[in-house]
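Biologist: I would like to learn how the words used for a protein model are justified. Could we take them one at a time, with the picture in front of us?

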Amino acid sequence: LQSQNIISSRFFFKTYVKVFDVSALQAGIFALKPNMSFHALIAVLTNAKSTEVQVTIPEGFTRDQMGVSFGIALPALTADAWQEATQTSQTYVSVIPLLQGVPSGQSLEGYLFPDTYRFRKEADAKMVTEMMVRTLARRLSENEIAVPDHLVMANGMTFHEMLTLASIVEKEVRSKEDMAHVAGIFLTRLKIGMALQADSTVNYLTGKKDPGISLKDSQIDSPYNTYKQLGLPPGPISNPGMNAIMAVLQPIDSDDLYFLTTPDGEVIYAKTFQEHIANRYKYLPSN
């Protein structure tokens with residue numbers, strides 16, 4: 001305040017604040033004028049206007065859905081700016097080592113950690129993007145998940161592969177236990193060379209939210225169609241939360257190879273295809 005000529009004496013201002021027991025000075029951005037009276041200055045500094053916005057991003061949101069949410073709250077974050085900021089890791093890789101394993105051509109889908117964020121209203125797309133990726137790195141550390149320099153996890157998957165599978169698990173089931181169970185099923189399928197056949201990867205292509213995809217959609221020619229392509233898709237299909245990430249790193253080992261979700265959200269497991277078909281007739285009669 002003194003260096004900006006708002007007050008003439010730092011000492012006298014501090015003395016005034018102490019004598020009049022001013023205890024509600026607030027953080028914020030204020031419009032102040034030179035040589036304001038102490039009374040007028042304190043009246044402003046104790047009535048900060050909110051200059052921050054809070055945005056909550058649910059687990060499983062795609063980067064496009066995130067862009068819509070942030071765009072509503074942050075005037076400087078346009079759709080085009082968001083797409084540009086999240087399209088490549090090269091802008092951030094030098095300061096966030098976690099991004100070194102992102103394959104060329106892949107966006108930051110999957111690396112934008114879903115959480116509740118507070119930003120100043122003037123925050124731009126690049127600032128938001130960097131904060132979200134840094135939050136992913138911090139949450140991994142908080143959960144004692146060590147990401148080696150060579151970005152290969154303890155289960156033999158690269159970090160990018162692990163995050164890709166976690167993004168699928170996030171979209172397939174809801175509960176923490178079901179995530180670990182389904183992660184185990186997908187890992188078994190990968191091990192034996194069986195297609196993942198995850199409806200969520202096809203919905204990522206079509207933009208639909210169908211609990212069961214159509215035969216036509218299952219025939220779409222794309223590396224993201226896990227009905228036609230073996231192995232994992234090229235990258236994440238959503239931005240997973242910590243439960244989905246932990247599920248892939250600490251899966252439930254079982255003999256199950258199939259699962260379905262009933263209309264009321266219950267997950268039904270099966271060891272054989274015949275048992276799975278029987279479950280479909282029993283729990284999904286319309287299909």
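**How the labels are earned**

Modeller: Gladly, and let me begin with Glu 52, which counts as partly exposed at 32% relative accessibility. A word on the source: this is a predicted model, in which local features need pLDDT of at least 70, side-chain atom pairs count only at pLDDT 80 or more, and totals for chains, interfaces and linings use all residues. Residues are numbered from 1 along each chain as its sequence is written, and side-chain values use heavy atoms, with hydrogens and water left out.

Biologist: Why is Glu 52 called partly exposed?

Modeller: Buried means under 20% relative accessible area, exposed means over 50%, and partly exposed is in between, using a 1.4 Å probe and protein chains only. Glu 52 has 32%, so "partly exposed" is the label.

Biologist: What makes Arg 118 and Glu 52 a salt bridge?

Modeller: The term asks for a side-chain nitrogen of Lys or Arg within 4 Å of a carboxyl oxygen of Asp or Glu. In this pair the closest N and O atoms are 3.1 Å apart, so the rule is met. Arg 118 lies in strand β2 and Glu 52 in strand β1, so the pair ties together parts that are 66 residues apart in sequence. Arg 118 is partly exposed, with a relative accessible area of 49%. The structure holds seven salt bridges.

Biologist: How do you know that β1 and β2 are paired strands?

Modeller: Strands (E, at least two residues) and helices (H or I, at least four) are DSSP runs, numbered from the N terminus. Two strands pair if DSSP finds at least two bridges between them. Strand β1 (residues 52–56) and strand β2 (residues 116–120) are joined by five bridges, so they pair, and they run antiparallel. One of the partners in β2 is Thr 116, which is bridged to Thr 56.

Biologist: Which residues of β1 are on its covered face, and which on its uncovered one?

Modeller: Val 53 and Val 55 make up the covered face, while Glu 52, Gln 54 and Thr 56 make up the uncovered one. In a regular strand the side chains alternate between the two faces of the sheet.

Biologist: Where do Arg 134 and Glu 130 lie?

Modeller: Both are in helix α5 (residues 125–142), four residues apart, about one turn of the helix. Their side chains meet in a salt bridge, 3.0 Å from N to O. An α-helix has 3.6 residues a turn, so residues three or four places apart point the same way. Arg 138 and Glu 142 also both lie in α5, four residues apart, and their salt bridge has an N to O distance of 2.8 Å. Arg 138, Arg 139 and Glu 142 are joined into one network by salt bridges that share partners.

Biologist: Why is Ser 200 called buried?

Modeller: Its relative accessible area is 9%, which is under the 20% limit, so Ser 200 is buried. Ser 200 is found in helix α8 (residues 199–206). Contact means heavy atoms within 4.5 Å, and, leaving aside neighbours within four places in sequence, Ser 200 is in contact with Ile 168, Lys 171, Glu 172 and Ile 237.

Biologist: How do you know that the length of helix α7 agrees with what is expected?

Modeller: The expected span is 1.5 Å times one less than the number of residues. Helix α7 (residues 176–192) has 17 residues and should span 24 Å; its end C-alpha atoms are 25 Å apart, which agrees.

Biologist: What makes Tyr 204 and Tyr 224 a tilted pair?

Modeller: Rings of Phe, Tyr and Trp (its six-membered ring) pair if their centres lie within 6.5 Å; planes under 30 degrees apart count as stacked, over 60 as edge-to-face and the rest as tilted. By this rule the count comes to 12 aromatic pairs. For Tyr 204 and Tyr 224 the centres are 5.5 Å apart and the planes are at 45°, so the pair is tilted. Tyr 224 counts as buried at 15% relative accessibility, whereas Tyr 204 is partly exposed at 30%.

Biologist: What is the largest nonpolar core made of?

Modeller: Such a core is a set of buried Ala, Val, Leu, Ile, Met, Phe, Trp, Tyr and Cys residues joined through side-chain atoms within 4.5 Å. The largest has 59 residues, and those with the most contacts inside it are Phe 70 and Phe 159. Its largest share, seven residues, comes from helix α6 (residues 159–172).
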